[in-house]
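Open the model in your viewer and keep the selection panel at hand. We will go from the whole chain to single residues.

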Amino acid sequence: MTTVQSPAHFRASTKLAGHLQRVLTDLIALHLNGKQAHWNVVGHNFRDLHLQLDEIVDLAREYSDTVAERMRALDAVPDGRPTTLARATTLPPLPPGEQSTIDTVDALTAQLRGAAATAREVHDDVDAEDPSTADLLHQLIDGLEKQAWMLSSENRNV
């Protein structure tokens, strides 16, 4: 009987794991902040924005799951605990209570752009170590920036 040797298993370095944790933290915060905005938005064009916020929440949740599962595939351990999120997110906090549709658009656009900026900041280091994971970041950046454009267009006047 012949034993087949499997190729070496790629494992994330501490640096790569840290970069992915930063992205994960902001994606989970985006998901939670998007839901907070969804529940508390009021004003003109409420229904459309309410529904659009759920699309953003779904996207952030899907992306965070993808990043966390990628981390596990690379033997890194994701940390999505509330204390970690509160300490480490780079996204600006949302104000409490009801918010106008105009203010909500501006706040969530900043959230989307912030999460995309984090992914952009770590991208080159990630790509240097693991191009496959960098491909995931490409998709994430594209999706977040598209949502930021679409959402910010709500408040634009030509």
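A residue counts as buried under 20% relative accessible area and as exposed over 50%, with partly exposed in between. Keep those cut-offs in mind for each stop. One caution before you click: this is a predicted model.

**Stop 1: the whole chain**

Show the protein chain as a cartoon. You should find five helices and two strands. Trace the chain from the N terminus: the order is α-β-α-α-β-α-α. Now fit the view to the C-alpha atoms. They fill a box of roughly 70 × 35 × 30 Å along the principal axes.

Switch on the surface. The accessible area of the protein chain is about 9,200 Å². Carbon and sulfur atoms account for 53% of that area. How many of the residues are buried? The chain has 158 residues, and 41% of them count as buried.

Next, think about contacts. Take those between residues at least 6 apart in sequence: 82% of them join residues at least 24 apart.

Colour by charge. There are 14 positive and 23 negative charges in the protein chain. The mean positions of the two sets lie 3 Å apart.

**Stop 2: the largest pocket**

Which residues line the largest pocket? Select A29, L32, N33, P82, L85, A86, T89, L91, P92, P93 and L94. The volume of this pocket is about 170 Å³. Colour helix α1, residues 14-40, and helix α3, residues 82-88. Each of these two helices supplies at least two lining residues.

**Stop 3: N45, a loop residue**

Select N45. Look in the loop between β1 (41-42) and α2 (46-73). Check the backbone here. Most residues other than glycine have a negative phi. N45 is not a glycine, yet its phi is positive, about 65°. Is N45 buried, partly exposed or exposed? Its relative accessible area is 27%, so N45 is partly exposed.

**Stop 4: D75, another loop**

Follow helix α2 onward and select D75. This residue is in the loop between α2 and α3. D75 also has a positive phi of about 65°, and it is not a glycine. With a relative accessible area of 39%, D75 counts as partly exposed.

**Stop 5: A110 in helix α4**

Select A110. It lies in helix α4, which covers residues 101-129. Because its relative accessibility is 33%, A110 counts as partly exposed. Now add R11 and draw a distance between the two C-alpha atoms. How far is A110 from R11? The C-alpha atoms are 33 Å apart, and the two residues are separated by 99 residues along the chain.

**Stop 6: Q147 in helix α5**

Move on to Q147, which sits in helix α5. Its relative accessible area is 13%, so Q147 is buried. What does Q147 touch, apart from neighbours within four places in sequence? Show I56, L59 and L112 as sticks: these are its contacts. I56 and L59 fall within the span of α2, residues 46-73, and L112 within that of α4, residues 101-129.

**Stop 7: S152, where helix α5 ends**

Finish with S152. Helix α5 runs over residues 131-152 and includes this serine. At 15% relative accessibility, S152 counts as buried. Leave out neighbours within four places in sequence, and S152 is in contact with V105, T109 and R113. Show these three as sticks together with S152. Then compare the two α5 stops: Q147 is buried at 13%, and S152 is buried at 15%.

Definitions and conventions. Residues numbered from 1 in each chain as written. Predicted model: local features only at pLDDT ≥ 70, side-chain atom pairs only at ≥ 80, totals over all residues. Heavy atoms only, no water. Helix = DSSP H or I, 4+ residues; strand = E, 2+ residues; numbered from the N terminus. Buried < 20%, exposed > 50% of the residue type's maximum accessible area, 1.4 Å probe, protein only. Contact = heavy atoms within 4.5 Å. Areas by Shrake-Rupley, 256 points an atom, 1.4 Å probe, with all protein chains shown as cover. Lys, Arg positive; Asp, Glu negative; His and termini not counted. Charge placed at Lys NZ, Arg CZ, Asp CG, Glu CD. 1 Å grid on protein atoms, 1.4 Å probe; cavity = no way out; pocket = protein on both sides within 12 Å on 5 of 7 lines; lining within 4 Å. Points joined across faces, edges and corners; volume = space filled by probe spheres on them.
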